[in-house]
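Visitor: Could you take me on a close look at one part of this structure, and then show me what sits around that part? I'm new to this, so plain words please.

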Amino acid sequence: MDKLSSLTLPWPTDWDTLFPPELRGAPLILEIGFGGGAYLLHLARTNPNARVIGLEISNRSLEAAERAIVREGLINVRPLHSFAETALHHLFQPGTLAQVHINFPDPWFKSRHSHRRLMQRDTLDAIVSRLTPNGEFYLATDIREYAEMSSELLAATPGLANQLEAAWVHDLPSRGTATKYEARARHEGRPCHYFAYRRSAHPAPDVPVIEELAMPHIVFTSPLSLDEMLARFEPKQGSSGGIHVHLIDAYRGKGTVLFEAHVSEPTIDQKIALMLLERRTEVGKAPEFTLQLGTIGHPRPTEGVHLAVKLLGDWLLSLHPDARPIKHKLQPVRGH
């Protein structure tokens with residue numbers, strides 16, 4: 001089974017290409033954070049005429065699910081390495097998901113971790129946008145505080161209609177199987193809280209697919225050599241419009257300086273390499289350099305990556321009064 005990742009799949013993804021031809025156009029079912037994989041496999045077995053996609057960031061869980069899928073010969077389910085925010089905003093077109101399931105998500109209650117919490121307004125708006133008309137949304141948690149928080153959030157979401165007589169129930173027979181955390185909660189005497197919502201007729205939030213941009217680069221001239229620029233490098237940071245860039249370190253290579261950077265955006269985090277290369281010029285002319293995105297680790301040229309190239313390029317040009325830009329390909333960044 002080919003391993004799938006949101007960093008290597010096309011943005012947006014043509015899901016028909018990842019499943020057998022007989023499933024072309026079949027409903028898409030998504031489980032976010034499938035953990036041990038029991039519920040993901042249950043979804044595949046009980047929905048043979050649907051395409052089931054599971055999101056997970058644990059490599060161990062991904063490999064276990066892949067082995068189980070191959071062992072059972074299931075052709076309608078694919079595990080995918082991705083954070084939920086990345087998949088929802090980059091991979092899925094609006095109005096394409098028939099069902100979305102979230103089972104026992106990490107609550108991340110500490111204030112410094114709150115940005116990692118799955119159930120929050122931006123992510124829920126993306127889910128509503130991606131659901132088909134009458135599409136279904138299911139949430140399960142064994143943590144009362146998380147249920148109360150989620151209940152308030154869901155009640156304030158006009159694009160979803162509650163299918164239960166209460167905000168949540170403690171038993172939902174239609175689930176059919178228990179996850180590892182669900183079984184553990186019941187064994188330890190903790191009640192589970194189940195939510196069931198359906199996409200309403202209310203207009204969905206406008207959450208367009210975020211596609212990758214053109215590859216960024218800057219060409220400039222400077223009297224300084226690569227070694228002189230490298231010697232003056234110090235780690236630096238910059239932010240704009242919810243994007244955070246950290247230029248971490250720099251390394252000398254043959255004919256190049258490689259800059260290590262971390263780019264954090266609302267929908268994706270990336271560790272990237274920016275490469276500064278010396279260009280061949282005519283004898284007597286000032287040296288020219290190109291700053292561009294390296295290919296290490298399947299980087300995607302997002303708005304944040306363009307900001308990283310701009311920040312580093314501005315710093316390189318500031319190192320000498322005679323340094324001059326020649327040309328560039330950079331996307332304007334919000335707030336910068």
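Guide: Happy to! Let's start with helix 3, residues 84–91: eight of its eight residues are buried, so the rest of the structure largely encloses this helix. Keep in mind that we're looking at a predicted model. If you want to find the helix by its residues, look for Ala-84, Glu-85, Thr-86, Ala-87, Leu-88, His-89, His-90 and Leu-91, which are the buried ones.

What do those buried residues pack against? There are strands among the partners, namely strand 2, strand 3 (51–56), strand 4 (77–81), strand 5 (97–103) and strand 13 (268–279), and there is also helix 4 (121–130).

Let's follow some of those partners outward. Strands 2, 3, 4 and 5 belong to an open sheet of eight strands, in the order 1-4-3-2-5-6-8-7 and with mixed pairing. At the edges of that sheet you'll find strand 1 and strand 7 (160–162), each of which pairs on one side only. Further in, strand 2 and strand 5 run parallel to each other, paired over five bridges. One spot to look for there is Ile-32, whose bridge partner in strand 5 is Ile-102. A handy thing to remember while you trace strands: in a regular strand, the side chains alternate between the two faces of the sheet.

The sheet has another helix lying across part of it. Helix 5 (residues 144–155) crosses strand 6 (131–141), strand 7 and strand 8 (193–199), and runs at about 15° to strand 8. In strand 6 you can also pick out Asn-134, which has a positive phi of about 65° even though it isn't a glycine. That's worth a pause, since most residues other than glycine have a negative phi.

Now back to helix 4, one of the elements that helix 3 packs against. Arg-130 lies in helix 4, and Arg-130 is buried but has no salt bridge. How far away is the nearest side chain of opposite charge? That side chain belongs to Asp-206, and the distance is 7.2 Å. A salt bridge would need a side-chain nitrogen of Lys or Arg within 4 Å of a carboxyl oxygen of Asp or Glu. Arg-130 does have neighbours from elsewhere in the sequence: among its contacts are Leu-88 and His-89, along with Phe-92, Leu-97 and Val-207. Leu-88 and His-89 should sound familiar, as they're among the buried residues of helix 3.

For a contrast, hop over to the loop between strand 1 (4–5) and strand 2 (28–32), where Asp-16 sits. Is Asp-16 buried or exposed? Asp-16 counts as buried because its relative accessibility is 18%, and the cut-off for buried is under 20%. The side chain of Asp-16 makes a polar contact of 2.6 Å with the side chain of Arg-51. Beyond its close sequence neighbours, Asp-16 also touches Leu-23, Arg-24 and Gly-25.

While you're in that loop, find Pro-12, which is there too. The peptide bond leading from Trp-11 to Pro-12 is cis, with omega near -15°. Most peptide bonds are trans.

So, to come back to your close look: helix 3 is the enclosed piece, with eight of eight residues buried, and its buried residues pack against strands 2, 3, 4, 5 and 13 and helix 4.

Note on methods:
Residues are numbered from 1 along each chain as its sequence is written. This is a predicted model: local features need pLDDT of at least 70, side-chain atom pairs count only at pLDDT 80 or more; totals for chains, interfaces and linings use all residues. Side-chain values use heavy atoms; hydrogens and water are left out. Helices (H or I, at least four residues) and strands (E, at least two) are DSSP runs, numbered from the N terminus. Buried means under 20% relative accessible area, exposed over 50%, partly exposed in between (1.4 Å probe, protein chains only). A polar contact is a pair of N or O atoms within 3.5 Å; within protein, one must be able to donate a hydrogen and the other to accept it, and residues adjacent in sequence count only if both atoms are side-chain atoms. Contact means heavy atoms within 4.5 Å. Two strands pair if DSSP finds at least two bridges between them. Axes are lines fitted to C-alpha atoms, for helices over the stretch in contact, and angles run from 0 to 180 degrees between N-to-C directions. Lys and Arg count as positive and Asp and Glu as negative; His and the chain ends are not counted. Lists of a residue's contacts leave out its neighbours within four places in sequence.
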